[in-house]
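Colleague: Please take me slowly through this model, one point at a time, and explain each term when it first comes up.

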Amino acid sequence: MENTNNIEKTDKKEEASTHKIGIYLWIWTLLFVLSFFSYMVDWYQFQGMLRWSLILFFMFLKAGLIMAFFMHLFWERYALVNVLLWPMTAIACFIFLMAAEFQYTLFSRLFYFVVGGGA
Amino acid sequence: MSEPKIDGFELKPGFKGMASDTASDQTMFKGVHWGKAMMWIFLLSDTFVFSCFLISYMKGRGSTPVEWPNPSEVFALEAFGVPVPLLLIALMTFVLITSSGTMAIAVKYGYEKNRKMCGWLLLATALGGLTFVGMQAYEWSKLIHEGVRPWENPFGAAQFGSFFFMITGFHGFHVSIGVIFLFIYTYKVFAGHYEKGKRGWFTKLKGDYVEIEILGLYWHFVDLVWVFIFAFFYLW
């Protein structure tokens with residue numbers, strides 16, 4: 001009798017540690033809405049800076065929601081969160097390096113193949 | 001979710017907690033299942049793989065003087081006789097987000113030991129993933145029929161095909177692997193392996209519903225990568 005009581009107690013405790021279903025449904029709805037908005041960016045054919053900033057804004061918002069709530073990073077300890085997020089700065093550095101590189105490659109191609117070189 | 005309490009160790013919140021966790025004995029990720037920590041580290045390395053693909057796509061697209069094919073025309077689909085831009089891609093995004101939501105709720109029911117709900121939601125997630133792979137196969141065959149190859153295409157810059165097939169192919173491969181594991185875990189949950197205490201994957205230790213969360217991390221990551229591919233490859 002004592003044993004079964006104990007099991008019931010631990011079961012209840014574990015249930016209390018999960019999150020309410022509402023938060024998942026909210027995030028789910030938000031993801032649908034944000035995806036719809038980013039599709040609308042293409043539908044209305046926004047161009048230039050407006051298009052790119054909107055695409056990036058919706059993209060980062062969706063990625064953040066998925067990581068924070070669906071992947072539970074919002075509730076994890078900082079030791080794990082920081083180990084996972086800081087390496088992303090290396091990717092940002094790589095993007096800047098390669099952006100400089102493609103501009104140089106494009107310049108070289110236009111200069112030597114289209115213009116015909118400096119001679 | 002990590003354990004909120006650990007015997008014999010005071011879990012401090014915030015950056016103080018990070019310092020004391022990192023400086024402490026035995027484990028750095030306090031209360032985090034080892035399988036979950038390993039999955040996170042795998043996903044981190046996978047993030048770098050996909051980043052390299054997308055960055056090489058940026059470099060390829062930025063450095064060609066030839067005009068890049070317009071994605072909203074290339075990926076348009078006829079619906080009721082009218083070409084709708086990115087219709088199939090929008091549907092694929094919808095399907096993948098749907099399956100991500102069912103996965104998140106399956107993890108929740110798993111932790112609550114609600115075996116049936118967890119199993120059905122896992123099955124729904126697997127079917128969503130299968131639908132996604134099917135739609136991608138359709139998209140690939142449509143483009144191949146239109147003459148898109150890794151080395152040439154009728155729409156514009158020749159690099160388009162190689163980046164398209166490599167990036168979406170690698171993502172589709174991840175989805176396919178995820179679908180296989182989702183079906184395996186659907187079976188494991190319905191068969192009650194976690195109630196009977198059968199051994200888990202790659203270990204002699206007993207399996208537990210934390211495995212569903214680990215599988216969920218992988219599945220959400222696949223959705224996460226799609227968010228970036230959708231933004232950079234299809235919308236940009």
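Colleague: What distance separates the centres of domain 1 and domain 2 of chain B, taken over C-alpha atoms?

Modeller: This is a predicted model, in which local features need pLDDT of at least 70 and side-chain atom pairs count only at pLDDT 80 or more, while totals for chains, interfaces and linings use all residues. Residues are numbered from 1 along each chain as its sequence is written, and chains are lettered from A and ligands numbered from 1 in the order in which they are written. Domain 1 of chain B covers residues 1-32 and domain 2 covers residues 35-235, with bounds that come from an automatic or database domain assignment. Taken over C-alpha atoms, the centres of these two domains are separated by 33 Å.

Colleague: Which pattern of elements does chain B follow along the sequence?

Modeller: Helices (H or I, at least four residues) and strands (E, at least two) are DSSP runs, numbered from the N terminus. Chain B has eight helices and two strands, and its C-alpha trace spans about 65 × 40 × 30 Å along its principal axes. Read along the sequence, the elements of chain B give the pattern α-α-α-β-β-α-α-α-α-α.

Colleague: How do helices H6 and H8 of chain B run relative to each other, and which class of residue is absent from their contact?

Modeller: The axes of H6(B) (159-190) and H8(B) (210-235) come within 10 Å and cross at roughly 155°, where axes are lines fitted to C-alpha atoms, for helices over the stretch in contact, and angles run from 0 to 180 degrees between N-to-C directions. H6(B) is therefore roughly antiparallel to H8(B), a label for angles over 145, whereas those under 35 count as roughly parallel, 65 to 115 as roughly perpendicular and the rest as oblique. Residues are in contact if their C-beta atoms, placed from the backbone, lie within 7 Å, and those that make this contact include His171(B) and Phe181(B) of H6(B) and Trp219(B) and Phe233(B) of H8(B). By class (Ala, Val, Leu, Ile, Met, Phe, Trp, Tyr, Cys and Pro are nonpolar, Asp, Glu, Lys and Arg charged, and the others, Gly among them, polar), the contact has 14 nonpolar residues, four polar residues and none that are charged.

Colleague: Which helix gives the largest share of the side of chain B that touches chain A?

Modeller: The contact takes 45 residues from chain B and 46 residues from chain A. On the side of chain B that touches chain A, H1 (14-23), H2 (34-63), H4 (87-111) and H8 of chain B each supply at least two residues. The largest share, nine residues, comes from H4(B).

Colleague: What percentage of the residues of chain A count as buried?

Modeller: A residue is buried if 20 or more other C-beta atoms, placed from the backbone, lie within 10 Å of its own, exposed if 12 or fewer do, and partly exposed in between. Chain A has five helices and zero strands. In chain B, 35% of the 236 residues count as buried. Of the 119 residues of chain A, the buried ones come to 14%.

Colleague: Is His72(A) buried or exposed?

Modeller: His72(A) lies in the loop between H3 (48-70) and H4 (78-85) of chain A, and its phi is near 65°, a positive value in a residue other than glycine. Because His72(A) has 20 C-beta neighbours inside 10 Å, this residue counts as buried.

Terms used. Two residues are in contact if their C-beta atoms, placed from the backbone, lie within 7 Å.
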